[in-house]
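Colleague: Hello! Please give me a close look at the pockets here, and walk me through what surrounds them.

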Amino acid sequence: VAYLAGLTPRYFLIDNLSLGLSLNAFYELNETTTKVVGAETTNTRSDTGFLGLVVANYNVRIGHSLFLRPGVGAGYFYGTRERPTATVGVKSESTISGPAGLLDLTLQYFAGPHFSLRAGPVLVMRFGTDSPKIDGGKDQSYTQIDAGFTAGLAYSF
């Protein structure tokens, strides 16, 4: 389960082309279950942090005040990752960071000249490094792609 919440101030550069700065907090919970000879073990990993993106969208009119707004974004993320250790109740912590990208295919309905409602599918990609906070821990690279659904209210300047 992944949650991404934040604000995106947006400015229309020309008709139908907007540029936004997406500032988000993220939280992700990942559970894996392992079965060994009838015994079941569940490991839980969690990520929390900040994700900032510059996003460009182009609004394509598909009806009165209804637009398809494909967009792309690029930015950076930074956060922490906790995972269980061999000792019960003790968690290992590491720093995660790296570049991020966004593909947006939402619909937007303008209820007025500046106020709108939006919803649709998004793809958030993170290309990061997992750096353990203990001495001697090795950095690991990873790629993560989250497909999701977004919904929100917008006020455009």
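Modeller: Gladly, and one convention comes first: Ala, Val, Leu, Ile, Met, Phe, Trp, Tyr, Cys and Pro count as nonpolar, Asp, Glu, Lys and Arg as charged, and the others, Gly among them, as polar. Please keep in mind that this is a predicted model.

Let me begin with the second largest pocket, which holds about 170 Å³ of space. Its lining consists of F12, D15, N16, N59, R61, S65, F67, F110, G112 and P113. Sorted by class, that lining has four nonpolar, four polar and two charged residues. One of the lining residues, N16, belongs to the hairpin of β2 and β3, where two residues lie between the strands and N16 takes a positive phi near 75°. The strands of that hairpin, β2 (residues 10-14) and β3, run antiparallel and are joined by four bridges. Along this pairing, Y11 faces L19 in β3.

Now to the largest pocket, with about 810 Å³ of space. It is lined by 36 residues, and L4, S22, N24, R118 and T150 are the closest to its centre. The lining divides into 20 nonpolar, nine polar and seven charged residues. Strands β1, β3, β4, β7 (91-110), β8 (115-132) and β9 (140-155) each give at least two residues to it, and β9 provides the largest share, 10 residues.

The pairing of these strands is worth following one step at a time. Strand β1 (residues 2-7) pairs with β3 (residues 17-36) in the antiparallel sense over six bridges, with Y3 opposite Y27 in β3. On to β4 (residues 39-58): β3 and β4 are antiparallel too, paired over 20 bridges. S22, which we met among the residues closest to the pocket centre, stands opposite L53 in β4. Two residues separate β3 and β4 in their hairpin, and V37 in the turn has a positive phi of about 45°.

Then there are the later strands of the lining. β7 and β8 pair in the antiparallel sense over 13 bridges, and a hairpin links β7 to β8 through four residues. Here L103 sits opposite L123 in β8. Moving on, β8 and β9 also run antiparallel, joined by 16 bridges, and the bridge partner of S116 in β9 is A154.

Some of these strands also feed the largest nonpolar core, whose 11 residues are F26, L51, L53, V55, F77, I96, A100, L102, V122, V124 and Y142. β4, β7 and β8 are the elements that give two or more residues to this core. That puts L53, the residue opposite S22, in the core as well. V124 offers a good view of the packing: beyond its neighbours within four places in sequence, V124 is in contact with L4, L51, G101, L102, Q144, I145 and D146. L4 in that list is also among the residues closest to the centre of the largest pocket.

Let me finish on β4 with A56, a residue of that strand. With a relative accessibility of 29%, A56 falls between the 20% limit for buried and the 50% limit for exposed, so A56 counts as partly exposed. Setting aside residues up to four places away in sequence, A56 touches S18, L19, P70, G71 and V72. L19 is the residue that Y11 stands opposite.

Definitions and conventions:
Residues numbered from 1 in each chain as written. Predicted model: local features only at pLDDT ≥ 70, side-chain atom pairs only at ≥ 80, totals over all residues. Heavy atoms only, no water. Pairing = 2+ DSSP bridges. 1 Å grid on protein atoms, 1.4 Å probe; cavity = no way out; pocket = protein on both sides within 12 Å on 5 of 7 lines; lining within 4 Å. Points joined across faces, edges and corners; volume = space filled by probe spheres on them. Core = buried A, V, L, I, M, F, W, Y, C linked by side-chain atoms within 4.5 Å. Buried < 20%, exposed > 50% of the residue type's maximum accessible area, 1.4 Å probe, protein only. Contact = heavy atoms within 4.5 Å.
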